[in-house]
Amino acid sequence: MNTFAQKLDLIHWITELNDVSILNRIKSIKEETNEADWWDSISPKEKASIERGLEDIKKGNIHSHSEVRTHYEKWLKD
């Protein structure tokens, strides 16, 4: 079944549906997909921190996971 046929099948099913709880679940799924981008929901401080991190990456101010793990190994042991 292609996407268009699936949509038509769902439309038909929804038009015949009388279960309010299922309709509410479908509505919540629709609203979740229309939510704003996560970037719009974080604070200016969080955005600035992310921007600084991206700048560090551009400048090459990075360390590999293995480098960091080696440095902090004594604190990471079980």
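This is a short talk on the fold, the surface and a few side-chain contacts of one protein chain.

A caution to begin with: what you see is a predicted model. Every value I quote is computed from that model.

I start with the overall picture. The protein has five helices and zero strands. Read from the N terminus, the order of elements is α-α-α-α-α. Along the principal axes, the C-alpha atoms fill a box of roughly 60 × 35 × 25 Å. The radius of gyration is 24 Å, whereas a compact globule of 78 residues would come out near 12 Å. How many of the residues count as buried? Of the 78 residues, 3% do. The accessible surface of the protein is about 7,600 Å², and 56% of that is supplied by carbon and sulfur atoms.

Next, helix H3, which spans residues 44-59. H3 has 16 residues, and from its first C-alpha to its last it reaches 22 Å. That is close to the 22 Å expected at 1.5 Å a residue. Just after H3 comes Gly60, with a positive phi of about 85 degrees.

Pro44 lies in H3. With a relative accessibility of 68%, Pro44 is exposed, because the cut-off for that class is over 50%. If you want a long distance to look at on screen, take Pro44 and Asn18: they are 26 residues apart in sequence, and their C-alpha atoms are 45 Å apart in space.

Glu51 is also found in H3. Its relative accessibility is 40%, so Glu51 counts as partly exposed. From Glu51 to Asp40 the separation along the chain is 11 residues, and their C-alpha atoms are 14 Å apart.

Now the charged contacts. The count comes to one salt bridge. Which residues form it? Lys58 pairs with Glu55, and their closest N and O atoms are 3.6 Å apart. In general, side chains of opposite charge can pair when their charged atoms come close. Why are these two about one helical turn apart? Because Lys58 and Glu55 are three residues apart in helix H3. As a general point, an α-helix has 3.6 residues a turn, so residues three or four places apart point the same way. On accessibility the two partners fall into separate classes: Lys58 is exposed at 66%, while Glu55 is partly exposed at 36%.

Then the aromatic side chains. A search of the whole structure finds two aromatic pairs. One of them is made by Trp38 and Trp39, whose ring centres are 5.7 Å apart. Their planes stand at 80 degrees, so this pair is edge-to-face. Trp38 is exposed, with a relative accessible area of 53%, and Trp39 is partly exposed, at 26%. Tyr72 and Trp75 form a pair too, and this one is tilted: the centres are 5.6 Å apart, with 45 degrees between the planes. Tyr72 is partly exposed, with a relative accessible area of 41%. Trp75, at 56%, is exposed.

Trp38 brings me to the last item. Where does Trp38 lie in the chain? It sits in the loop between helix H2, residues 20-33, and helix H3, residues 44-59. Trp38 also belongs to a nonpolar patch on the surface, together with Ile50, Leu54, Ile57 and Ile62. The accessible area of these residues together is about 500 Å².

To recap, the predicted model has five helices and zero strands, and 3% of its residues count as buried. The radius of gyration is 24 Å, against a value near 12 Å for a compact globule of 78 residues. For contacts, there is one salt bridge, and there are two aromatic pairs. Trp38 appears twice in this account, once in the edge-to-face pair with Trp39 and once in the nonpolar surface patch.

How values were computed: Residues numbered from 1 in each chain as written. Predicted model: local features only at pLDDT ≥ 70, side-chain atom pairs only at ≥ 80, totals over all residues. Heavy atoms only, no water. Patch = residues over 30% accessible without salt bridge, like charges linked within 9 Å, V, L, I, M, F, W, Y side chains within 5 Å. Areas by Shrake-Rupley, 256 points an atom, 1.4 Å probe, with all protein chains shown as cover. Salt bridge = Lys/Arg side-chain N within 4 Å of Asp/Glu carboxyl O. Helix = DSSP H or I, 4+ residues; strand = E, 2+ residues; numbered from the N terminus. Expected span 1.5 Å × (residues − 1). Buried < 20%, exposed > 50% of the residue type's maximum accessible area, 1.4 Å probe, protein only. Rg over C-alpha atoms; globule rule 2.2 N^0.38 Å. Phe/Tyr/Trp six-rings, centres within 6.5 Å; stacked < 30°, edge-to-face > 60°.
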